[in-house]
Amino acid sequence: ATMTSTLRIAIFSDTHSKYDQLNVPPCDLAIVAGDFTHHATKAEDLLTFSRWIASQKQIKETLICCGNSEMMARFMDREAIRKSLEIESHIHYLQDEAKILTQQHIKFYASPWQRSRNMGFSAKSDKLKEIFADIEDDTEVLVTHMPPIGILDKTYKGNHWGCQHLLTRIRELSHLRMHIFGHVHEWGGFMQRIQKDNGEYVLCINGASSCWPVVNGKEVRDPLVIDWHHVEGKFSIVSGLQGQITMEGTFDTDDGDPSSAHSQESPQLQRCLRKLKKMGFRNEELLKRTLILNSCDLDATIRSIKDKKRTSIRRFISRTVGI
């Protein structure tokens, strides 16, 4: 087969065992940025996922990174996890290590750690600093479960779940072109670029697939798909981009800003926002995110917010009463 400089990548994470609802298109590489299971505690949970990946014949290669929901990390070491996931030669599990993948011989590095307490791959700040300092200098694509601080990491409650140590390390990586992560469901399918210490830019992608809030009754959105024109250093959006980033065609991570369109709020969004506030809704950031995800459909937005509130109430009752 003739080698092409264009690499088609399908990105997803945070399916929480609902990966069988995904429609993954033909791609050169699928990247899984953690939380593909829901609190998995045994090898069989990993095998079930890897068998599903193996059944997706339209995927040429798959890179898997774990997340906090892969709870078996407390009982299984890296090689035991690898044995459960790498059931075919085109499935690659990376845990604080690098590997050259694809016909383009691109160097990938993956790390699953984050700050969630008492879950899989949990670590405190000092430990995270050590872990992320070990990311290899010539990494071209970094996959983590955790976002960098301030980059597509803000929850609807206003908390930032990203890591300052990770952001610092990303800025030091002179060869880095792309950073893929998940963890914060609210920003799944969004892109943002950040500038590195050498003045170049890295494209950051939140690949979380869990729809939050639920969009038109769907719990999991299909992967974000991009074409990476490796030689030219450019990316094209194929499908799955969320929000108001409506760019079509190609943009260059060194010159173009894929997040600029998102920062421009449409008049329709502003009108809907005013209506919702008059109806008594107050959390502006939550309202904006929900409107964007529901294409400024007021009725769908209201349903999504109410669904989220009902879920929060049920969780509160479960924790306090033990139901």
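User: Where does H16 lie in this model?
Analyst: Keep in mind that we're looking at a predicted model. The phi of H16 is near 50°, a positive value in a residue other than glycine. As for its place in the chain, H16 sits in the loop between β1 and β2 (27–33).

User: Does H16 count as buried or exposed?
Analyst: The cut-off for buried is under 20% relative accessible area. H16 comes in at 16% relative accessibility, so H16 counts as buried.

User: Which loop holds N118, and is N118 buried or exposed?
Analyst: N118 has a phi near 55°, a positive value in a residue other than glycine. Most residues other than glycine have a negative phi. The loop in question runs between β6 (106–111) and α3. With 65% relative accessibility against a cut-off of over 50%, N118 counts as exposed.

User: What is the N to O distance in the salt bridge of D227 and R8, and why does the pair tie together parts of the chain?
Analyst: D227 belongs to strand β13 (residues 224–229) and R8 to strand β1 (residues 6–12), so the pair ties together parts 219 residues apart in sequence. Their side chains meet in a salt bridge, with an N to O distance of 2.7 Å.

User: Which of these counts as buried, D227 or R8?
Analyst: R8 has a relative accessibility of 30%, so R8 counts as partly exposed. D227 has 10% relative accessibility, and that puts it in the buried class. The buried one is D227.

User: Which residue forms a salt bridge with E97, and where does that residue lie?
Analyst: The closest N and O atoms of this pair are 2.9 Å apart. E97 is in strand β5 (residues 97–101) and its partner is in helix α2 (residues 78–85), with their positions 15 residues apart in the chain. E97 is buried, and so is the partner. That partner is R82.

User: Which residues are linked in a network of salt bridges?
Analyst: The structure holds 14 salt bridges. The E97 and R82 pair is one of them, and both residues belong to a network. The linked residues are E79, R82, E86 and E97.

User: Why are R169 and E172 separated by about one helical turn, and how far apart are their closest N and O atoms?
Analyst: Both residues are in helix α4 (residues 164–172) and three residues apart, so about one helical turn separates them. R169 counts as buried at 8% relative accessibility, whereas E172 counts as partly exposed at 44%. They form a salt bridge, and the closest N and O atoms are 3.0 Å apart.

User: Which residues is F132 in contact with, leaving aside its neighbours within four places in sequence?
Analyst: F132 is part of helix α3 (residues 125–133). Its relative accessibility is 0%, so F132 counts as buried. R169, from the salt bridge with E172, turns up among its contacts. The whole list is S111, W113, T144, M146, C163, H165, L166 and R169.

User: How far apart in space are F132 and T168, C-alpha to C-alpha?
Analyst: Along the sequence, F132 and T168 are 36 residues apart. In space, C-alpha to C-alpha, the separation is 9.1 Å.

User: What separates the C-alpha atoms of L287 and L273?
Analyst: L287 lies in helix α6 (residues 284–293) and counts as buried at 1% relative accessibility. Leaving aside neighbours within four places in sequence, L287 is in contact with L273, L276, K277, F281, R282 and I305. L287 and L273 are 14 residues apart along the chain, and their C-alpha atoms are separated by 6.9 Å.

User: Which residues form the positive surface patch that includes K275?
Analyst: K275 is found in helix α5 (residues 267–278). With a relative accessible area of 48%, K275 is partly exposed. The patch is formed by R271, R274, K275 and K278.

User: What share of the contacts in the protein chain with a separation of 6 or more comes from residues 24 or more positions apart?
Analyst: The secondary structure comes to seven helices and 15 strands. Buried residues make up 54% of the 323 residues. For those contacts, the share from residues 24 or more positions apart is 63%.

User: How much of the accessible surface belongs to carbon and sulfur atoms?
Analyst: The accessible surface of the protein chain comes to about 14700 Å². The part belonging to carbon and sulfur atoms is 48%.

Technical notes
Residues numbered from 1 in each chain as written. Predicted model: local features only at pLDDT ≥ 70, side-chain atom pairs only at ≥ 80, totals over all residues. Heavy atoms only, no water. Patch = residues over 30% accessible without salt bridge, like charges linked within 9 Å, V, L, I, M, F, W, Y side chains within 5 Å. Areas by Shrake-Rupley, 256 points an atom, 1.4 Å probe, with all protein chains shown as cover. Salt bridge = Lys/Arg side-chain N within 4 Å of Asp/Glu carboxyl O. Lys, Arg positive; Asp, Glu negative; His and termini not counted. Charge placed at Lys NZ, Arg CZ, Asp CG, Glu CD. Helix = DSSP H or I, 4+ residues; strand = E, 2+ residues; numbered from the N terminus. Buried < 20%, exposed > 50% of the residue type's maximum accessible area, 1.4 Å probe, protein only. Contact = heavy atoms within 4.5 Å.
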